[in-house]
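Trainee: Could we go through this one together, a question at a time?
Mentor: Sure, let's pull it up.

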Amino acid sequence: MEHLNLRSILRETLENIKRPLVPWEEVCFLPAEEAPIFPLYRRLREQLKHLHLLSEEDPFANPILLLATILARDLEQGNISYSALEQLVQFVTVEGYVSRAERLHSYVGQTDPLENLKLLESLLQPEEGLSFEEFSARLSRTVIGIVVTAHPTFALREDLLRGLSELASGRNVAGVPLSAEQVRELIFQALFQEHLSDPEITLDKEHRLALEALANLRRALARLYDLIFRIAAETYPQDWPRLRPRLITLASWVGYDLDGRRDIEWTQSFAFRLEERQIALSRYRESVQNLIDSCPIEEGTEALREILALLLKLLTEALKGANEEIEAFRAVLRGQEDSLERLRHIARKMYAGKQERLVSTRPLLALLEEAISESLPYPQLTRGLCLLRTEIENYGLGVSHIHVRLNAKQIHNAMRSLIGLETDPEDPSRKKSYLRAVNQLLEEVEPVTINFGSLIAERTTAKRLFMLVAQILKYIDAETPIRFLIAETESPFTAIAALYFAKLFGVEEKIDLSPLFETPRALSRGARIIDEMLSNPHFKAYVKKRGRLCVQTGFSDAGRHLGQTAAAFAIETFRRRLAKVLAKHDLKDIELIIFNTHGESLGRGAHPGSFSERLRYVMSPVSRRELVASGVKLKEEVSFQGGDGYVYFLNPNLSLSVVARLLEETFTPPKEEPDPFYREWDYVFEFFALIRQFNERIMSDPDYAVLLQEYGRHFLYPTGSRAVKRQFEEARTPTLSAAQIRAIPHNAILHQLGLLANTIGGVGAAVKRNPEQFLQMEETSERFRLLVSMARYALSLSDFYAFSGYLEILDPHFWLTLAAKPPCPERASDLREVADYLEEVSKHVNLAKVGRTFNRDYLDLVEALSGKPNQGLLDSEEKDALEILHAIRLALIYRIFTLAVQIPEFSPQRGTTREEIIERILHLDVEAAVETLKGIFPLLESLAETKDFGEEATYHTEHYLGYIKEHREIFEPLSALYRLMKRVSGGITHFIGSFG
C-alpha cells in the first residue's frame with residue numbers, strides 16, 4: 001500500500017493496547033488477562049524454525065505436529081494459559097487480515113481514482129479522424145458484464161468486510177488516502193472482533209449487501225459515463241448529447257437463484273424485485289430533483305423546468321403504494337394470519353392500476369429527450385440529463401439486471417408428465433423421441449394467462465419460476481431482459497424444453513435462456529449440445545429473434561470434478577469448438593454472451609497473480625479471437641461471488657479500480673504471435689487429461705469423501721444462507737460421495753486441511769510423464785504458463801506437514817507414542833484411551849491411503865518445480881504465521897480428544913451412548929455432541945417447587961445443583977476449544993485469501 005505498511009501499523013497499535021486481545025462479545029477462556037503475545041509468538045516462530053531444521057535430519061519429524069504437541073503439553077502444564085493462546089490466535093488472525101488487505105491492494109493495481117480516470121480517458125479517447133458515428137458505435141455496445149451472486153462466502157462480519165475493502169483501497173469513500181491514524185482505527189476495530197461470519201446469515205442480509213455492492217459499482221460507472229460525455233463534448237461538440245454509452249452491464253442473481261434450493265419462496269423473490277424498483281425510482285427522482293435545483297430560473301429555462309416537473313411527478317406517482325406492495329408479499333413469506341387476503345387485495349389493486357403502472361422506461365426516456373433538447377444552452381445540465389438517461393437505459397426499473405437460475409433436473413421434472421420423460425434425456429434409446437416430442441409441443445404451444453394465485457397453487461419449481469418471471473415483466477419492468485440460467489445442463493433437450501415453458505407463459509421475447517456447462521460430461525459435449533440446440537428450428541428462430549445466444553461456463557464445479565487447471569483447459573476447448581459451431585450455423589451479427597462463473601479462490605477459478613491474469617485465465621485471448629472471427633459480437637461476463645467477491649465493491653474507489661481493470665483488459669488487443677500451446681496439441685491434451693483422470697479417481701474414492709464429510713467439514717463455520725448440499729440431494733441415499741459436497745465447502749475444507757488438492761492434484765503426475773517437454777512448454781508458451789501457474793500458486797499456499805498432521809492426529813499409534821512419555825503420569829490413561837477409541841473408529845488407515853496418494857503427486861510436483869523461481873503469495877513471516885495457526889489447531893484438537901475420554905459413564909439415553917458421543921467428538925462434531933451431553937447431564941432444574949412456603953430455604957438438595965463439575969471441567973471447555981478452533985479457521989481464511 002502506498003506510503004503505509006499495514007503490518008507495521010498493526011504492531012505499533014498493539015504496543016499501545018493495555019488490555020487482553022480478545023473479542024469481548026465472545027470470550028472463550030476466562031479470566032481474560034493481558035498476556036505477552038509478542039514474546040510467545042517469537043518463541044513459537046523460533047521453535048518452528050528449529051523443528052524444520054530437525055526435519056531435515058529426521059525425515060519422520062513433522063514440524064507442525066511437533067510444535068502442536070509442545071503447545072498442548074505447555075497448556076496442560078500451565079506454562080501457557082488458554083487465555084494467552086486465545087489472544088495469540090486473535091493476533092495472528094489480524095496479521096492475516098492486514099496481509100490480505102495488502103495483497104488485495106496489489107491485486108487490483110492502481111487504486112487512486114484520479115489515475116484510474118486518466119487511464120480510462122486514454123483508453124476511450126477517439127483516434128484522430130474517427131467519426132462520431134464510429135465513436136458512438138464503439139461505446140454503445142456492452143463488452144463486459146459484472147454479475148454479483150449469493151454464493152456462501154460471507155465468512156466475515158459486515159463491518160470487518162467493509163474495513164478490509166477500505167484497507168485494500170487505501171482510501172476513504174471520498175477517494176482521499178487513508179492517514180496512518182485512520183488505518184490504525186480500522187485495525188483497532190479488527191483486533192477486538194471475531195473474524196467469523198455474522199451470527200445470523202439470511203438471504204435478506206445477503207441481498208442488502210449485494211445492493212450495497214451494486215450501489216458502489218453504479219457510482220464507479222457514473223464516473224466512467226461522466227468521463228465519456230466530457231471526452232465526447234470536447235471532440236464532438238455538436239453531436240455529443242446523442243451519445244448513449246453502455247460498455248458494462250451489472251447483474252445480480254441474489255434472491256433469484258433456485259439451483260438446489262427450496263428455501264427461497266417466490267414471494268421473497270418478487271418482494272426483492274419490488275424493493276429494487278423502489279430504490280431505482282427513488283434514485284431517479286432524486287436525480288431529477290437535483291437537476292431542477294441546479295436549473296437557472298429564467299425565461300429561457302421555463303420549458304425545461306416544466307418537463308423536469310412532469311418527470312418528477314411521473315416518478316413520484318410511480319412510487320406511491322410501493323411500501324404497501326412490498327409488505328404484502330413479505331407478510332406471506334412470514335406466514336402472517338391474514339397474509340393471503342392482504343396479497344389478494346394488493347394483487348387486485350395492482351391489476352386494476354396496470355394500465356397506469358410504470359413498467360416501461362419509455363415515458364421517462366421520452367421526457368428526458370425533450371429535456372435534453374431544451375437544455376443545450378446549459379452544457380452542465382445537458383450532461384446531467386445525459387447521465388440520467390444513460391442510467392435509465394442501462395439499469396431499467398431496477399438497480400441492475402437479474403439472473404434467475406434453476407437446475408436442469410427441475411426442467412426435466414416439469415416436462416416429465418408432458419412427454420413421458422422416463423429416462424435421462426441423453427438416453428440413446430429414447431433421445432430422438434424426447435426431442436421430437438418437445439418439438440411437437442413447441443409447434444402447438446399457446447400462451448396461457450396467470451395470476452399470483454397461479455404461483456401459490458403451482459408445485460413444480462420450473463413452472464413457478466417461469467410464472468415469477470412473467471409477473472415481474474408484467475408488474476415491475478417489462479423491458480429489461482432477464483437471464484434464465486440452467487445449471488448442470490448436459491443435453492440439448494433441457495434448453496429446448498425451457499423454451500417451451502417460456503412460450504407457454506409468454507415470456508420468450510424478454511428472457512435469455514442460458515445453459516450452464518460445468519460437469520465433465522457437459523464440458524466434453526458442450527459445443528455439440530449447442531449445435532443440436534441450434535439445429536432445432538424453434539430454438540434457432542428464438543435466438544435470431546432475441547439477437548443473442550447466451551451460455552455459461554462453471555469453473556467452480558468443473559474444478560471440483562476435473563482439477564482446476566484441467567477445467568480451465570476443458571472450458572477453453574469448449575469455447576474454441578463453439579466458434580466453429582457458430583460459423584457452421586451462420587449466426588453472424590448476433591451477440592454471443594459467455595458468462596464465466598468462478599469464485600475468489602484458486603480452486604474455483606480465480607487466478608491470484610493479477611487482475612489481468614484473472615481475466616485472461618477464464619477468457620483466453622485465442623478463443624476470444626476465434627469467437628469474434630465466427631462473426632458474432634462477443635460479450636463476456638464475470639462473477640463476483642458472495643462476501644469474498646463483494647469485498648471489491650464495498651468501497652467506491654476499489655469499485656472504480658475493478659472497472660478500470662476490466663476495460664483495460666477488454667480494450668487491450670491480445671498478442672498475435674503463435675503460442676506453442678496450440679501447436680503441441682497432443683502433449684497439451686494428454687497433460688490435462690492426466691490431471692483430469694487423477695481428480696476423477698479422487699472424487700470417486702469413498703475414503704476421500706469420508707475425509708471431507710466426516711472430518712474436514714467440522715473445521716468450517718456457516719458462511720451463507722445456502723445449504724452445503726443441493727437440497728434435492730438431501731433426500732437421496734446416504735451413500736458418501738465427494739461429489740455431493742458443493743464446490744465452496746469442498747474448497748474451504750481443503751484450505752483448512754492445508755492442501756489445495758483440486759488445484760495441484762494430478763499436476764505432479766502430468767509433469768512426470770515428460771519433464772523435459774513440460775519445462776520447454778512452460779518456458780515458451782504463455783497460455784501453458786498461465787494455466788500451470790495456478791498450481792504453482794496453490795503449491796505455495798499448501799503445506800504437506802499441516803495436511804499430514806491432521807491425518808496423523810487420528811492415528812492410534814501417535815497417541816500410544818505420547819502415552820509412553822506423558823507430560824504427567826495421570827495423563828497416560830487418557831492418551832491410551834484416545835488411542836483405543838481411534839482404533840475402534842478405524843478411520844486413519846483409509847485416510848492415510850488418501851494422504852499417500854496426494855503425497856506422491858505433491859512430491860512429483862515439488863521435484864518438477866525445483867530450481868524454478870518461486871511463484872508464491874506469502875512471504876516467510878506469513879508462512880510461519882499460517883503454520884503456527886495449523887499447529888495451534890492441532891493442539892486444540894489434542895485437548896478436545898483428551899477431554900472427550902473424560903466424559904463420565906452414563907446409561908444409553910437420548911438415542912445415544914457414551915461411546916457414540918466420544919466417536920462424534922473424535923470426528924470433531926463437537927457442538928452437537930456437547931448439546932446432547934448438556935441434556936444428559938443437566939446443569940440445574942427449576943427451584944420453583946421449594947418456594948412460596950412462607951420462609952426462605954438456603955439448603956438445596958444436590959438434585960437441584962445439577963452436574964456443575966462436568967459442565968465446568970468438560971462441556972464448557974469443549975465448547976470453548978471448538979469455538980477457538982473455528983477462529984483459527986477464520987485466520988487461515990485470511991492467509992489463503994478466500995473462504996472457499
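Trainee: Is Glu-341 buried, partly exposed or exposed?
Mentor: This is a predicted model, where local features need pLDDT of at least 70, side-chain atom pairs count only at pLDDT 80 or more, and totals for chains, interfaces and linings use all residues. Residues are numbered from 1 along each chain as its sequence is written, and side-chain values use heavy atoms, leaving out hydrogens and water. Buried means under 20% relative accessible area and exposed over 50%, with partly exposed in between (1.4 Å probe, protein chains only). Glu-341 has 44% relative accessibility, so the label is partly exposed.

Trainee: Which side chain meets Glu-341 in a salt bridge?
Mentor: A salt bridge takes a side-chain nitrogen of Lys or Arg within 4 Å of a carboxyl oxygen of Asp or Glu. Look three residues along, about one turn of helix H13 (residues 339-352); helices here are DSSP runs of H or I with at least four residues, strands are E runs with at least two, and both are numbered from the N terminus. At 3.7 Å, N to O, the partner is Arg-344.

Trainee: And Arg-171, how far apart are the closest N and O atoms in its salt bridge with Asp-112?
Mentor: That pair links distant parts of the chain, 59 residues apart, with Arg-171 in the loop between H7 and H8 and Asp-112 in the loop between H4 and H5. Both residues are buried. The closest N and O atoms of Arg-171 and Asp-112 are apart by 3.6 Å.

Trainee: Which residue in S5 stands opposite Phe-484?
Mentor: Strands S4 (residues 482-487) and S5 run parallel, joined by five bridges; strands pair if DSSP finds at least two bridges between them. S5 (residues 511-517) has seven of its seven residues buried. On one of its covered faces sit Ile-511, Leu-513, Pro-515 and Phe-517. Opposite Phe-484 stands Leu-513.

Trainee: Which helix gives the most to the largest nonpolar core?
Mentor: Such a core is a set of buried Ala, Val, Leu, Ile, Met, Phe, Trp, Tyr and Cys residues joined through side-chain atoms within 4.5 Å. The largest has 348 residues, and Phe-466 and Phe-484 are among those touching the most other members. With 16 residues, the top contributor is helix H9.

Trainee: Over which residues does pLDDT stay under 50?
Mentor: pLDDT is the predictor's confidence in each residue, from 0 to 100, and the chain's mean is 93. Where pLDDT is low, the predicted coordinates should not be read in detail. The stretch with pLDDT under 50 is residues 726-733.

Note on methods. Contact means heavy atoms within 4.5 Å.
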